[in-house]
Structure formats: C-alpha cells, structure tokens
Amino acid sequence: MRPFTYTAARTVDQAVEALADGGPGAKVLAGGTTLYDLMKLRVENPRAVVDISRIAELTEIDVSGPELRFGAGARMADVADHPTVRRDYQALSESLWRAASQQLRNMATVGGNLLQRTRCSYFRGGPAFPCNKREPGSGCSAIDGIDRHHALFGGSDACIATYPGDWAIALLAFDAMVDVVGPAARRTIPVADLHREPGSTPQREHNLAPDEVIVRIRVPKTRAGRGSTYLKIRDRESYAFALASAAVGLTVSRRGRIEECRVALGGVATRPWRVPAAEHTLIGERLTEDTARRAGEVAFAGARAGHHNGFRIELGIRTVTEALMIAGTRATR
Ligand code: SF4
C-alpha cells in the first residue's frame, strides 16, 4: 500500500475542505467496505483519505415528510430494516437486503453503496490485465475475454463493465435524488444523472467532482412503493452480484388497470438502467403473464450481447416478468 494522509472529519464542511486540500487524488472513506479492498489491490492509490464516518448528521433517517430522507452515512442494514421502508417501499428494502452480506450491510453506507466500483475481474486483477478503467488507454481485456458478467446495455469500445449495485436500481425506479456538498455550492443530482456510461472515459463513473460529498438521498413518496419489489437473480442466492435484476413499482386502479409503472434494470448495464418504453407498454393494461412478458421483451429489445453473456437477455426478460407479477400482487392486496 502506498503512503497517504488520513483526516477524520467531524463536519461536512471539514470533509469538503480536506478533500479540496487533498487534491484530485483524495478519496472519501465512509463504511470502508470497498475503498480498503481496492487500496490493497492497488486499484485505488489515494494520496489523501478523508473519513466521514464520524459525521453525525450523515446518519439521520427521516421518513416523516413528503419524501424519504436518508443520510448518506446511514448503514445499509439500518435503512433496509426501517419499518416504513420495509412496509411501504419494499423494492428499496429488498435491494439493500439482497446486496452483499449481513456483516457488510452493517458496515457499508447507503451513500458509499451508490458509488461502488465495478466487479469486472480484469479491473481488479492487476497490471497483467489491460483495463481502460484502471489505466486509461491501456485497452479492455473483457471485450475479447470472458464477458459473462459484462454489460448488455451502455457499453463502449473502451469498456463494457457492469454497474454492480442494487440500491441504485431501486432508487432510480423511484426518481430519487442525491444532495451534494462541494466547496463552492450545494446541489441536487437526480440518481438518473449520477452515473455515467463509459464512452471514451470509463475511468469517470459518476458526475460528482472529486471534492464533492453526497450528504443525503431523497426519495419522493409514492403509492407505487406499496406495489414494488426488487428481484435479483444471481449464481448463488447470497453474497453474489446480479446476473440480472429488476426494480419494479406499480399502482393498479379499482378496475384492475395499471395506472403507474416503474421498471429499472440492474446487473445488465454500465449504469443503473431505467426502461421507460417497457413502462409505457403496461399503462392502461391489465397485468397478466403475457403483458408482463411483453414489457420484459421491450425492456431488453436494445440489448447487445458479447461472447458469453447472451443467455442473460432471456434471463433478464424473465426477471422483469416475474418482478412485475410480484409487484402486481402487492399492488392489489
Ligand atoms: Fe476494464 Fe471496463 Fe474492460 Fe473491465 S470492461 S477490463 S473495467 S475497461
């Protein structure tokens, strides 16, 4: 590990100042479940680490107003298990429960989780494997390599790494936003605009400046939360990343017609991936296996398979279909 400076910030302003002082090589340390890993692998080599885990205001959870408000430093397990989130926003709760392991969920924060880096094994595999994300301009080992877990949507000639998170997929389905603080200003970024497709700069994964900190996640309240689910399909049922996942939220009229539909995909794209075309196919329809399947097919219509990941198109269609049927049951009870 290379030497670095360490600052334990007590306030958000102190954190922002320390990040600015640390320059472009500074990194935020929250739960520590990703950054330490990547430092040991020498994928991350920060010159300065700014620890925000002691900032009390970042851990607040408030569901009393017209939106759910989660401090970025709240632990994944605490948000997943919050009674209101469990009861009224099952997709949010399930997306957290189905991530990582209990030990990691007890440590990791909901802000840090949004910014977790890809699990592409070439990215984490060290200098033997060219990787444009780790070392811009070096090439991409995955494009002609083993791409079983790589993206079906949003890839480029430079990178096809999948965004690995679950929580961001559910947040995207619910039009969540993040509040961000930097040295010059505070601003709000919709989760839909937080993550970037790789394009020609895969090393840039999100639209935060290096000296900005996420302080809060806000989710507008909606009835679709009651008719929601996050379904995650993976190689094993625990402690694994998604081969395909879907966050779905529905409202259904008294006559049994779908009034509101939200569908976002995880595990299949270079960033959290919402599919408005699939949502529109269901508005005004009755939810059946056939209409749900049709929405799944529309969701995956633009998928681009590589050498080993084509099986995940049909898997993804079935994931969306099943998620819609689960959400439909919940929306009508
Ligand atoms: Fe690197 Fe992206 Fe290629 Fe993986 S897919 S090797 S992260 S450039």
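This report describes the nonpolar cores, the ligand site, selected residues and backbone features of a predicted model.

## Nonpolar cores

The largest nonpolar core comprises 40 residues. Within this core, the residues that touch the most other members are F70, L92, V110, L114, W167, L171 and V178. Two or more core residues come from each of the strands β5 (67-71), β6 (177-181) and β8 (213-220), and likewise from each of the helices α3 (76-80), α5 (90-97), α7 (110-114) and α9 (167-173). Helix α9 makes the greatest contribution, giving seven residues to this core. A further core of 27 residues lies apart from this one, and its members include A244, V248, C261 and A323. As a general tendency, nonpolar side chains in soluble globular proteins are buried together.

Two of the residues listed above, F70 and V110, can be followed through their contacts. F70 is part of strand β5, and F70 counts as buried because its relative accessible area is 0%. Beyond its neighbours within four places in sequence, F70 is in contact with E60, I61, V79, V85, V110, W167, V215, R216, I217 and V219. With the same exclusion of neighbours within four places, V110 is in contact with F70, G71, A72, A74, R75, M76, V79, L96, W167 and I217. F70 and V110 are therefore partners in a contact that joins positions 40 residues apart along the chain, with 7.9 Å between their C-alpha atoms. V79, W167 and I217 appear among the contacts of F70 and also among those of V110.

Helix α5, one of the elements contributing to the largest core, is mostly covered, with seven of its eight residues buried. These buried residues are Q90, A91, L92, S93, E94, S95 and L96. L92 is also one of the core residues that touch the most other members, and L96 is in contact with V110.

## The ligand site

The ligand is surrounded by 14 residues, the closest being C120, C131, C140, A158 and C159. By class, this shell consists of ten nonpolar residues, three polar residues and one charged residue. The space that the ligand takes is the second largest cavity.

## Selected residues and their separations

Three further residues illustrate other parts of the model. T84 is found in helix α4 (residues 83-88), and T84 is classed as buried because its relative accessible area is 17%, under the 20% limit. Not counting residues up to four places away in sequence, T84 touches V63 and Y89.

W273 lies in strand β12 (residues 273-274). This tryptophan counts as buried because its relative accessibility is 16%. Apart from neighbours within four places in sequence, W273 is in contact with F153, G154, L172, E197, A264 and L265.

E314 belongs to helix α12 (residues 311-331). Its relative accessible area of 28% is the reason why E314 counts as partly exposed.

The table gives separations in sequence and in space, from C-alpha to C-alpha.

| Pair | Separation in sequence | C-alpha separation |
|---|---|---|
| T84 and L68 | 16 residues | 9.3 Å |
| F70 and V110 | 40 residues | 7.9 Å |
| W273 and A173 | 100 residues | 9.0 Å |
| E314 and T201 | 113 residues | 30 Å |

## Backbone features

Most residues other than glycine have a negative phi. R42 has a positive phi of about 65 degrees although it is not a glycine. R42 is located in the loop between α2 (35-40) and β3 (48-51). Because its relative accessibility is 44%, R42 counts as partly exposed.

D175 is another residue other than glycine with a positive phi, here near 55 degrees. D175 is located in the loop between α9 and β6, two elements that each give two or more residues to the largest core. D175 itself is partly exposed because its relative accessible area is 40%.

Key
Residues are numbered from 1 along each chain as its sequence is written. This is a predicted model: local features need pLDDT of at least 70, side-chain atom pairs count only at pLDDT 80 or more; totals for chains, interfaces and linings use all residues. Side-chain values use heavy atoms; hydrogens and water are left out. A nonpolar core is a set of buried Ala, Val, Leu, Ile, Met, Phe, Trp, Tyr and Cys residues joined through side-chain atoms within 4.5 Å. Buried means under 20% relative accessible area, exposed over 50%, partly exposed in between (1.4 Å probe, protein chains only). Helices (H or I, at least four residues) and strands (E, at least two) are DSSP runs, numbered from the N terminus. Contact means heavy atoms within 4.5 Å. A residue is near a molecule or strand if one of its heavy atoms lies within 4 Å of it. On a 1 Å grid over the protein atoms alone, a cavity is a set of points where a 1.4 Å probe fits but cannot get out, and a pocket is an open set with protein on both sides within 12 Å along at least five of seven lines; lining residues have an atom within 4 Å of a point. A molecule sits in a cavity or pocket if more than half of its atoms lie within 2 Å of its grid points. Ala, Val, Leu, Ile, Met, Phe, Trp, Tyr, Cys and Pro count as nonpolar, Asp, Glu, Lys and Arg as charged, and the others, Gly among them, as polar.
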